[in-house]
Structures are given as structure tokens and as C-alpha cells.
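Me: Could you zoom in on one small spot in this model and talk me through it slowly? I'm in my first year, so please explain the terms as you go, and then show me how the spot fits into the rest.

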Amino acid sequence: MLRADTIILGGGLSGLTLLKELSGDAILITKNVGGLIQNYVTPNGFSFDLGGHVYNSSNPDIEEVMNVIPNTLHSHRKSWWIRSGTFNESEKYTFPVQSSMRSLVTDTPQDTSWSPNLEDYSIKIFGEAFTEEFFRPFNERVWTTALSDLDVDWVKGRVQHPREFSDKNWGLNSSFYYAPGSEIVKYFLKDFSNNIINGTVLSVNLGDKTVRYQDDLSGVIYYVKYNRLIDTTGRFLEGESILRRNYIAYFGVGVEGSPAYDFHWCYGPFDQSVHRVTLLSSYHPGLAPSGTHSYLMEIPFSSEYRSPWIISVLLRAMKTKPNSSILKFAASAALRTAGFPIEKEKVIDVWAKVSLGYPVPMVGSRKVVAQIKEKLFNQNVFLAGRWGAHGYWNWEHIVTDARVVRRLLNDYSQDNLNHYLTSDFYYKV
Ligand SMILES: Cc1cc2nc3c(=O)[nH]c(=O)nc-3n(C[C@H](O)[C@H](O)[C@H](O)COP(=O)(O)OP(=O)(O)OC[C@H]3O[C@@H](n4cnc5c(N)ncnc54)[C@H](O)[C@@H]3O)c2cc1C
């Protein structure tokens with residue numbers, strides 16, 4: 001019988017980090033191990049990332065993890081574009097934000113506390129034209145939310161204020177590492193695989209302090225008493241209307257031959273629904289068989305935002321066989337709208353999936369999360385990770401977030417509690 005003081009719900013990067021941080025003194029219940037850091041490998045040998053592909057190197061929290069898997073680690077200097085126009089006359093721009101802001105003059109202070117929302121921020125700092133040409137269409141497509149409803153916090157560390165301009169390699173991920181998710185999962189599992197229960201958590205009862213979950217193998221339902229608990233499922237956040245999330249339709253596409261261009265990722269024209277195309281095979285040689293290359297496309301959508309036509313084709317196509325010709329048609333059509341004219345006949349493999357995409361950084365959402373955290377803290381329940389704490393976080397933030405929780409579990413102080421409640425660490429990274 002497994003015994004532990006702590007039960008962790010969800011085995012994504014945050015749950016796994018916490019399990020390691022607690023030196024295995026916890027039970028982790030999860031539907032799958034790795035969550036968004038998993039890769040899906042097709043029968044023809046293409047490997048597609050479900051979520052994270054790149055890791056920044058500046059944070060010691062994440063460097064520590066990365067240093068243990070050096071043989072599979074590839075380091076990169078970012079290469080990305082934004083496309084404008086439709087395919088035929090499409091042009092690509094490199095680093096439009098970082099390299100073109102030099103000449104802007106603004107009196108607006110760097111501190112963003114004056115700015116209630118991203119629309120206001122963009123107009124005051126970058127002006128109307130830039131807002132309409134870039135900031136609004138870019139953000140509204142990815143977040144599926146009006147610019148005026150988005151919090152400025154999410155651009156901190158991502159978009160440079162003209163006054164702080166240093167060089168074009170500025171930014172969270174101007175250079176980064178890539179390691180296959182399966183290697184990271186192995187690192188976390190090495191010592192703690194016996195602490196993991198594969199199952200689906202059905203409910204958490206705060207009254208009698210039990211977790212109800214269903215075993216994956218036999219379908220038996222169990223109840224476990226909890227002492228302390230982390231939830232990464234987002235369940236507690238349900239019903240808080242300000243905490244919106246969107247969905248992402250992914251297409252992983254394996255293609256014959258070499259790519260026409262070399263890049264890491266490219267944002268599609270703003271009048272099209274494909275947000276981003278990643279040339280996945282440029283990250284690591286193991287991701288596509290030799291003589292081929294691969295793309296990963298992301299199409300955000302939500303019930304509040306009009307769903308692009310491609311989503312209904314995709315959802316229909318997914319009901320048919322994987323790799324069906326309708327899926328190949330949809331994938332090559334979507335690639336074309338994003339500016340990549342890949343012939344359907346050259347497509348070897350298509351992997352498609354619809355999943356929860358991003359927690360949307362609505363104005364005021366941090367405050368709501370802090371209130372929920374505080375309420376649950378008093379019940380000995382802790383929230384962490386992308387869905388638990390409702391944060392659009394990269395790997396380094398997720399790892400740090402789990403560490404903040406561990407610190408609070410082991411060492412209660414008002415300071416640690418404040419960090420935990422406000423996710424303050426994020427803005428200091
Ligand atoms: C499209 C996309 C691209 C991204 N790109 C990058 C990138 O390039 N670089 C980067 O640093 N980050 C990137 N990220 C973000 C990064 O992948 C995530 O922030 C991080 O992996 C989230 O970890 P997590 O543990 O918080 O959540 P998750 O990985 O979502 O883990 C949650 C876990 O809980 C389990 N679970 C859920 N419900 C239940 C239940 N009821 N019972 C049991 N288990 C349950 C899930 O199966 C899963 O294992 C990207 C994310 C997305 C979506």
C-alpha cells in the first residue's frame with residue numbers, strides 16, 4: 001500500500017517537478033505522464049510535440065533539468081518570421097517587434113501599472129497603426145479574446161518597451177534549447193515511477209478530504225484520503241467566468257524531401273486562422289526520418305470566437321482514419337493559407353489533435369486566481385502549473401511554480417505565501 005503525506009493530481013511538468021522536489025514523498029495520480037511535454041510518434045517515425053518545444057536557458061531552475069540530458073539537447077538561436085498577405089504575394093518579416101522599435105520615441109513609462117489592458121498599452125506605446133496592423137490581430141487570434149480584455153502582464157519579458165531596447169536578440173527565448181519531451185519525462189521518472197498511479201481523478205471532496213479516482217486498468221473507483229494536495233486539472237477554477245481558456249487544433253505534418261526554408265517558427269498572415277507553423281524538424285534531427293521534414297501547426301479557437309472552417313474539417317477528419325486523405329487535404333490546405341505551399345502528394349503523415357490550449361490572461365484574472373488559491377490554501381489544497389494556477393507559462397515558470405509550492409509546504413512564512421498567491425516569481429524571471 002502506498003503511503004504519503006501529499007497527493008499530487010496531474011503528472012505534467014508541474015506535478016512531476018513537485019514529486020521530485022518532495023523527494024518522492026508523495027503519490028501522484030495522473031491520466032498520463034508528461035502532459036504537454038509528451039511527443040506523439042507516428043508509425044512512419046515522425047515525432048510531434050504536444051506542447052512545449054523550446055526551453056530558455058536563463059533560469060537556473062530549468063538549467064538544472066536541462067544539464068542532465070546533454071546528449072539529446074540542441075541549442076538554437078531563434079529564427080522566426082511573421083507572414084503578411086496571402087500566399088501568392090506573401091512576404092515574411094523577421095523580428096518585426098524587436099528590430100523595428102529602435103526609432104520609436106515614447107514618454108510612456110516602462111512600468112505598466114498605469115495601463116488597464118493590452119489595447120491601451122499598445123496604443124500608448126506603439127501607436128494606432130502598429131496596434132491595428134500587428135498587436136490586435138496577433139493577440140486576438142491567439143487568445144481568441146478582444147485586446148481590451150487582455151492583461152498587459154503577459155507581454156512582460158516578451159515585448160520590449162522602446163526605451164529598454166538593447167539588441168535584437170533580446171527576449172525570453174532569443175536563444176533556447178530543445179530536448180525531446182520523452183527524455184525529460186525519463187529524467188523525472190528515474191527514481192519515482194513507483195509513486196505514480198495511472199488513473200483519472202473524478203472529484204475532490206474538500207469536506208471529508210478525499211480524492212475519488214478511477215483506475216485505468218480495471219476501471220475500479222478508489223477513494224484516497226488526502227493531507228495536502230496539488231491540482232493541475234483546473235477543476236477548482238471551473239465556474240469562474242473570468243478564467244477563460246481556448247482550444248488548439250494541432251496538425252503535425254510529415255513531408256517528403258527538404259524544406260524550402262530554414263526557420264524555427266513562423267506566424268501566419270493575420271487574415272488566416274493558422275496562428276503558428278513550427279518547422280519541427282529544425283529543432284532536433286530525431287524528429288523526422290532522414291530525407292523528410294516536418295511541421296507543427298497551431299490553430300486556436302474557442303466558443304467565444306468564431307471557429308475557422310478548418311476546425312470543422314479537422315474534427316470530421318479525425319473521426320475517420322488517421323492519415324486519411326481528408327486529413328492530408330486539410331493539413332496541406334492549412335499550410336498553404338499560412339504561406340507554405342506543400343503539395344498533398346508529398347505529405348507522408350498527418351497527426352491531428354484538438355486539446356485545451358492556453359489559459360487566457362484576462363484583465364483581473366491574476367487577482368481571481370490569488371483569491372481561489374487563498375481559499376484553498378486554508379483547506380490544505382495548493383494549485384500549481386498551467387491549469388492549476390491558470391498561467392500562460394513556459395517550462396521555466398512551471399518548474400519555478402512547483403518549487404514555490406514546495407517551499408511553502410516545507411517552510412510557511414508570509415513572504416512565501418505571498419509569492420505563492422501572486423505568482424510573483426513569474427515577473428521577476
Ligand atoms: C501549443 C503549446 C505550445 C507550447 N510551447 C512551449 C514552448 O515552446 N516552450 C515552453 O517552455 N512551453 C511551451 N508550452 C507550455 C508548456 O508546455 C506547459 O506550460 C507545461 O508543459 C504545462 O505543464 P503542467 O504540468 O502545468 O500541465 P500539463 O502538461 O497540462 O499537465 C497536466 C496533467 O494532468 C493530467 N490530468 C488532467 N486532468 C486529470 C484528471 N482528471 N485526472 C488525472 N490526471 C489529469 C493530464 O493528463 C496531464 O498529465 C506550450 C504549450 C502549448 C499548449
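Reply: Let's start with Leu150, whose place is in the loop between helix 5 and strand 9. Helices and strands here are DSSP runs, counted from the N terminus: at least four residues of H or I make a helix, and at least two of E make a strand. Before we go further, two bits of housekeeping. Residue numbers start at 1 along each chain, following the sequence as written. What you see is a predicted model, so local features are used only at pLDDT of at least 70 and side-chain atom pairs only at pLDDT 80 or more, while totals for chains, interfaces and linings take in all residues.

Is Leu150 buried or exposed? Leu150 counts as buried, because 23 other C-beta atoms lie within 10 Å. (The cut-offs: 20 or more other C-beta atoms within 10 Å of its own means buried, 12 or fewer means exposed, and anything in between is partly exposed; C-beta atoms are placed from the backbone.)

Who are its neighbours? Ignoring residues up to four places away in sequence, Leu150 touches Asn117, Leu118, Asn139, Trp143, Thr145, Pro361, Met362 and Val363. A contact means that two C-beta atoms, placed from the backbone, lie within 7 Å. Another handy ruler is Glu119: Leu150 and Glu119 are 31 residues apart in sequence, yet 7.8 Å apart in space, C-alpha to C-alpha.

The same loop, between helix 5 and strand 9 (175-178), also holds Thr144. Thr144 has a positive phi of about 50 degrees although it is not a glycine. Thr144 is buried too, because 23 other C-beta atoms lie within 10 Å of its own.

Now look at the helices beside this loop. Helix 4 (residues 118-126) and helix 5 (residues 128-143) have axes that come within 8 Å and cross at roughly 145 degrees. Two packed helices are described by the angle between their axes and the distance between the axes. Axes are lines fitted to C-alpha atoms, for helices over the stretch in contact, and the angles run from 0 to 180 degrees between N-to-C directions. The crossing of helix 4 and helix 5 is right-handed; that is, the near helix is turned clockwise from the far one by less than a right angle, while anticlockwise would be left-handed.

Which residues do the meeting? From helix 4 you have Leu118, Ser122, Ile123 and Phe126, and from helix 5 Glu128, Phe130, Thr131, Phe135 and Asn139. By class, that contact has five nonpolar, three polar and one charged residues. (Ala, Val, Leu, Ile, Met, Phe, Trp, Tyr, Cys and Pro are nonpolar, Asp, Glu, Lys and Arg are charged, and the others, Gly among them, are polar.) Notice that Leu118 and Asn139 are also on the list of residues Leu150 touches.

Let's zoom out to the cores. A nonpolar core is a set of buried Ala, Val, Leu, Ile, Met, Phe, Trp, Tyr and Cys residues joined through C-beta atoms within 7 Å. The largest one has 84 residues, and those with the most contacts inside it are Val277, Tyr295, Met297, Ala331, Ala334 and Leu335. Its largest share, seven residues, comes from helix 11 (residues 395-410). Where does Leu150 come in? There is a second, separate core of 13 residues, which includes Phe126, Phe134, Leu150 and Val152.

For contrast, take Ala331 in the largest core. Setting aside neighbours within four places in sequence, Ala331 is in contact with Phe251, Val253, Val347 and Val350.

Finally, the whole chain. The chain has 13 helices and 19 strands, and 42% of its 429 residues count as buried. Of the contacts with a separation of 6 or more, 69% are between residues 24 or more positions apart. Leu150 and Glu119 are 31 residues apart in sequence, so keep an eye on them as you turn the model around.
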